[in-house]
Amino acid sequence: MSGRRFDSRTTIFSQEGRLYQVEYAMTAIGHAPLTLGMLTKDGVLLLAERPQQSPLLDSEEGLEKNISAEKLFMVDDHLAVSVAGLTADANTLINHARLTAQRYAYTYQEPVPIEHLVTVMCDIKQGYTQIGGLRPFGVSFLYAGWDNAHGFQLYHSDPSGNFSAWKANAIGQHTDAAQSVLKTDWKENMSMEDAMRLGCRILNKCQDGSLTSEKVEIAHMTMGDDGQPKFHICRTEEVDKVVKETIKQKEEEDKQKEKERREKQQG
């Protein structure tokens, strides 16, 4: 039976037990630019495909550059998120997450645990699938953070309110291809630099056209010299360096494969 009878309300189940509005929200996320997250031995990496921007757009510099970018946002000193989906929906949830983090810090005099904040945010998302007159948030998050209980952590949440912890994950377009590469090439003892190159290689594989620094956003959460977590959004020159290293590495690998192929044919 067609889903048209059941997709006008978020609170109505279809005869197959499906909530079509939630599925539509997840479909919208599937059309969003690719976003990656990886745990490394040095911290947590977030890497996102940046939508094509007009040259007339004023870019953020200075302090603001380390607070937000097109797809990457700092929630607290020890927690950041990467977004796939509707940015306007994401802004609402990010503001709520920031408020929740500050309320927790004010009440308990310590940073909010990562899983606690993720749970609070997912409870809000789940509520929007169960109340008439509301629609689900059309956005998924990758949460990257650190706390005393579990160290560096990476979580993923979707519009239904579900969340899970990951070692490496991808959301948005070309998720299957990206996760396939992560399954084979991601290692638990990877350095942050190796993870950056792996992320850029995945984006290069999934993007149309050649990879450039204008198409990539990179940020990482690492431990600072003072023993506190530090979130940093890489500047254009930093991203450009990683992209060039990735392209050079791929060219060398292609040459090596071509050499092995010729040797095999001659043998």
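Which side chains meet in a salt bridge at 3.2 Å, N to O? In this predicted model, in which local features need pLDDT of at least 70, side-chain atom pairs count only at pLDDT 80 or more, and totals for chains, interfaces and linings use all residues, the side chains of Lys244 and Asp240 do so. Residues are numbered from 1 along each chain as its sequence is written, and side-chain values use heavy atoms, with hydrogens and water left out.

A salt bridge is taken here as a side-chain nitrogen of Lys or Arg within 4 Å of a carboxyl oxygen of Asp or Glu, and by this rule the count comes to 10 salt bridges. Side chains of opposite charge can pair when their charged atoms come close. Lys244 and Asp240 are 4 residues apart in helix H6 (residues 236-266), and so are separated by about one helical turn; helices (H or I, at least four residues) and strands (E, at least two) are DSSP runs, numbered from the N terminus. Accessibility is described in three classes, in which buried means under 20% relative accessible area, exposed over 50%, and partly exposed in between (1.4 Å probe, protein chains only). On this scale Lys244 is exposed at 53% relative accessibility, whereas Asp240 is partly exposed at 24%.

Two further salt bridges join residues that lie in separate elements or loops. The side chains of Lys167 and Glu188 meet at 2.8 Å, N to O, in a salt bridge. Lys167 lies in the loop between strand E7 (163-165) and E8, and Glu188 in the loop between helix H4 (175-185) and H5, so this pair ties together parts that are 21 residues apart in sequence. Lys167 is partly exposed, with a relative accessible area of 45%, while Glu188 counts as exposed at 54% relative accessibility. Arg201 forms a salt bridge with Asp185, in which the closest N and O atoms are 3.0 Å apart. This pair links distant parts of the chain, with Arg201 in helix H5 and Asp185 in helix H4, 16 residues apart. Arg201 is partly exposed at 26% relative accessibility, and Asp185 is partly exposed with a relative accessible area of 26%. In addition, Asp194, Arg197 and Glu245 are linked in a network of salt bridges.

Asp147, which lies in strand E5 (residues 139-147), is buried yet has no salt bridge. The nearest side chain of opposite charge, that of Lys167, is 17 Å away from Asp147, where Lys and Arg count as positive and Asp and Glu as negative, and His and the chain ends are not counted. The side chain of Asp147 instead reaches the backbone nitrogen of Ile114 at 3.0 Å, and the backbone nitrogen of His150 lies 2.8 Å from a polar atom of the Asp147 side chain. Both are polar contacts (a pair of N or O atoms within 3.5 Å; within protein, one must be able to donate a hydrogen and the other to accept it, and residues adjacent in sequence count only if both atoms are side-chain atoms). When neighbours within four places in sequence are left aside, Asp147 is in contact (heavy atoms within 4.5 Å) with Pro113, Ile114 and Gln153.

Strand E1 (residues 35-39) pairs with two other strands, two strands being paired if DSSP finds at least two bridges between them. E1 and strand E2 (residues 43-49) pair in the antiparallel sense over 5 bridges, and the two form a hairpin with 3 residues between them. E1 and E8 also run antiparallel and are joined by 4 bridges. Met38 has Leu45 as its bridge partner in E2 and stands opposite Ala168 in E8, while Gly37 stands opposite Asn169 in E8. Of the 5 residues of E1, 5 are buried, so the strand is largely enclosed by the rest of the structure. Thr35, Gly37 and Leu39 point one way from E1, and Leu36 and Met38 point the other way. In strand E8 (residues 168-171), Ala168 and Ala170 point one way and Asn169 and Ile171 the other, and all are buried.

In soluble globular proteins, nonpolar side chains tend to be buried together. The largest nonpolar core (a set of buried Ala, Val, Leu, Ile, Met, Phe, Trp, Tyr and Cys residues joined through side-chain atoms within 4.5 Å) has 45 residues, and those with the most contacts inside it are Ile202 and Ile218. Helix H5 (residues 192-206) supplies the largest share of this core, 8 residues. With neighbours within four places in sequence left aside, the residues in contact with Ile218 include Leu45, Leu72, Met196, Cys200, Ile233 and Val242. A second, separate core of 22 residues includes Val81, Val83, Val118 and Val139.
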